[in-house]
Amino acid sequence: MGREIQCTSAAAVQMFAAQLLSEPAATSARTGHWSKNAKRAFTQHWPEYVIEGLCLGMFMISACSFAALLEHPASPVRMIIASPDLRRLLAGIAMGLTATLLIYSPLGQRSGAHMNPATTLTFFRLGKLEKWDAAFYVMSQFMGGVAGTLLAFVALGQSLAHKNVNFAITRPGLRGIAAAFVAEVVITFLLMTVILNVSNSRNFARFTGLAAGTMVMLFITFEAPFSGMSMNPARSFASDFVGMQWQSIWIYFTAPLIGMLSAAELFVRTRGLHSVICAKLDHSGRARCIFRCGYMTQEVISAPTR
C-alpha cells in the first residue's frame, strides 16, 4: 500500500520552488548568457537528447520496413493480402506495437519517449520542460527521424522508393488538403487528451504507453486515408526529406501543434496546471528525470523527517 501524501498548499508551493531551484538547468535558465545556458543543458542532459533521436529513428525504420512489406508489389504479404483495409489494419497494429514498446523500453523511460516535437512543445507549454531541453529535444527528433529513414533506404533500396511505398510519406488523401488538416488536428487533439488524462491519473498512469500505442493503431487504421496519419512534424519531415517530396508539408507542421496545444489548454482549464505531474509518458522505471517532475516533489514531501 502506498503512503498517503498530505501537505498544505504552502508546503507544496515551497517544495515545488525548492525543486526548481535545485535543478541545474532551471537555475541556468534564469542567469547567464544564452550560449552558456545551452552548453550547460547539453552537457547535463545530452543522453536524453540522443535517446529521443534514437527512438524516433527506430520508429521510422519500423514504419518504412512495414510500409515496404505491406505495400510493395513484390512483397509476399502484399500478394497474399489484397484488401487495402486489412493491410492498413496490420500496419496500424505494427506501428502501435512499435510505439508502445519504445515508450516502455529503458530508452523511453529515460527520455520520456516524446518522439514528437509537437509533444515536446506541448509539455514545454505546460511548464514541464526547460527552454533548452525543449530545443534540443526537437532538434534531436528531427535528426533522428531523418537518420532512421536514411538507414531504412540504405537497407531497403529501391523497394522503399517504389511508388506504392514512397518512403512512407504522409500526404493528404482523396478528400483534399482541408480534410487532411482538420483530420490531423482532431487526431492529435485526441491523442494528447488521452495522454494527459491517463498519465496524470495515479491509478492508470502505468497504462499511458499502451493507451498511446492503441491510439496510433486506431488512427492508422481509420484516419490514414484522410491525411496519411502523421501527428508528428519530425516524422513527416524525415520521409519528405529522404524522398525529396514536400507535398503539403505545412499541414504536418501546423496541425499537430494546434491539436496538441488545444488539448493541453482544455486540460489546464478543466483540471488545472497543477494536475500535470511530469512530461514522461512512462515514469515507472528508475531512470533519472530531467523535467520539472511532480513525482520527485512528492517523494521529498512524503519522506520522513528527522
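**Exercise 1. Find what share of the 306 residues in the chain is buried, and how many helices and strands the chain has.**

Solution. Buried residues make up 50% of the 306 residues in the chain, and the model in which they are counted is a predicted one. Turning to the secondary structure, the chain has 15 helices and 0 strands. As a last step, consider the contacts in the chain with a separation of 6 or more: residues 24 or more positions apart account for 74% of them.

**Exercise 2. Describe how helix 3 and helix 5 pack, giving the angle, the distance between their axes and the residues that make the contact.**

Solution. Two packed helices are described by the angle between their axes and the distance between the axes. Helix 3 covers residues 34–71 and helix 5 covers residues 84–104, and the two pack at an angle of about 160° with their axes 10 Å apart. Because angles over 145 degrees count as roughly antiparallel, helix 3 is roughly antiparallel to helix 5. The crossing in which helix 3 passes helix 5 is right-handed. On the side of helix 3, the contact is made by Cys55, Met58, Phe59, Ser62, Ala63, Phe66, Leu70 and Glu71, while helix 5 brings Arg87, Leu90, Ala91, Ala94, Met95, Thr98, Ala99 and Leu102. Sorted by class, the residues of this contact of helix 3 with helix 5 are 12 nonpolar, 2 polar and 2 charged.

**Exercise 3. Decide whether Leu54 is buried, partly exposed or exposed, and state how far Leu54 is from Ser140 in sequence and in space.**

Solution. Leu54 lies in helix 3. With a relative accessibility of 44%, Leu54 counts as partly exposed, since that class lies between the limits of 20% and 50%. In sequence, Leu54 and Ser140 are 86 residues apart, whereas in space their C-alpha atoms are 8.4 Å apart.

**Exercise 4. Check whether the span of helix 11 agrees with its 15 residues, and then work out which of its residues are buried and what covers them.**

Solution. Helix 11 runs over residues 208–222, and at 1.5 Å a residue its 15 residues should span 21 Å; the end C-alpha atoms are 21 Å apart, which agrees. The buried residues in helix 11 are Thr208, Gly209, Ala211, Ala212, Gly213, Met215, Val216, Phe219, Ile220 and Thr221. What covers these buried residues includes helix 5, helix 10 and helix 12 (224–227). Thr221 can be followed further: Thr221 is buried, with a relative accessible area of 7%, and when its neighbours within four places in sequence are left aside, Thr221 is in contact with Arg88, Leu89 and Gly92.

**Exercise 5. Apply the span check to helix 10, list its buried residues, and describe its packing with helix 14.**

Solution. Helix 10 covers residues 177–199, and its 23 residues should span 33 Å at 1.5 Å a residue; this agrees with its end C-alpha atoms, which are 33 Å apart. Buried in helix 10 are Ala180, Ala183, Glu184, Val185, Ile187, Thr188, Leu191, Met192, Ile195, Leu196, Val198 and Ser199. Helix 10 and helix 14 pack at an angle of about 40°, with their axes 7 Å apart, and therefore the two are oblique to each other. Their crossing is right-handed, and by class the contact of helix 10 with helix 14 has 19 nonpolar, 6 polar and 2 charged residues.

**Exercise 6. Determine how helix 13 and helix 14 are arranged, and name the residues that make their contact.**

Solution. Helix 13 (residues 233–243) and helix 14 (residues 249–271) pack at an angle of about 165°, and their axes are 8 Å apart. The two helices are therefore roughly antiparallel to each other, and their crossing is left-handed. Pro233, Ser236, Phe237 and Asp240 of helix 13 make the contact with Ile249, Tyr252, Phe253 and Pro256 of helix 14. By class, this contact has 6 nonpolar, 1 polar and 1 charged residues.

**Exercise 7. Examine the phi angles of Asn166 and Ala168, and say where each residue is placed.**

Solution. Asn166 is not a glycine, yet its phi is positive, at about 50°. Its place is in the loop between helix 9 (158–161) and helix 10, and at 14% relative accessibility Asn166 counts as buried. Ala168, which is not a glycine either, has a positive phi of about 55°. Ala168 is found in the loop between helix 9 and helix 10, and Ala168 is buried, with a relative accessible area of 9%.

How values were computed:
Residues numbered from 1 in each chain as written. Predicted model: local features only at pLDDT ≥ 70, side-chain atom pairs only at ≥ 80, totals over all residues. Heavy atoms only, no water. Axes fitted to C-alpha atoms, helices over the stretch in contact; angles between N-to-C directions. Helix = DSSP H or I, 4+ residues; strand = E, 2+ residues; numbered from the N terminus. Parallel < 35°, antiparallel > 145°, perpendicular 65-115°, else oblique. Left-handed = near helix turned anticlockwise from the far one by under 90°. Contact = heavy atoms within 4.5 Å. Nonpolar A, V, L, I, M, F, W, Y, C, P; charged D, E, K, R; others polar. Expected span 1.5 Å × (residues − 1). Buried < 20%, exposed > 50% of the residue type's maximum accessible area, 1.4 Å probe, protein only.
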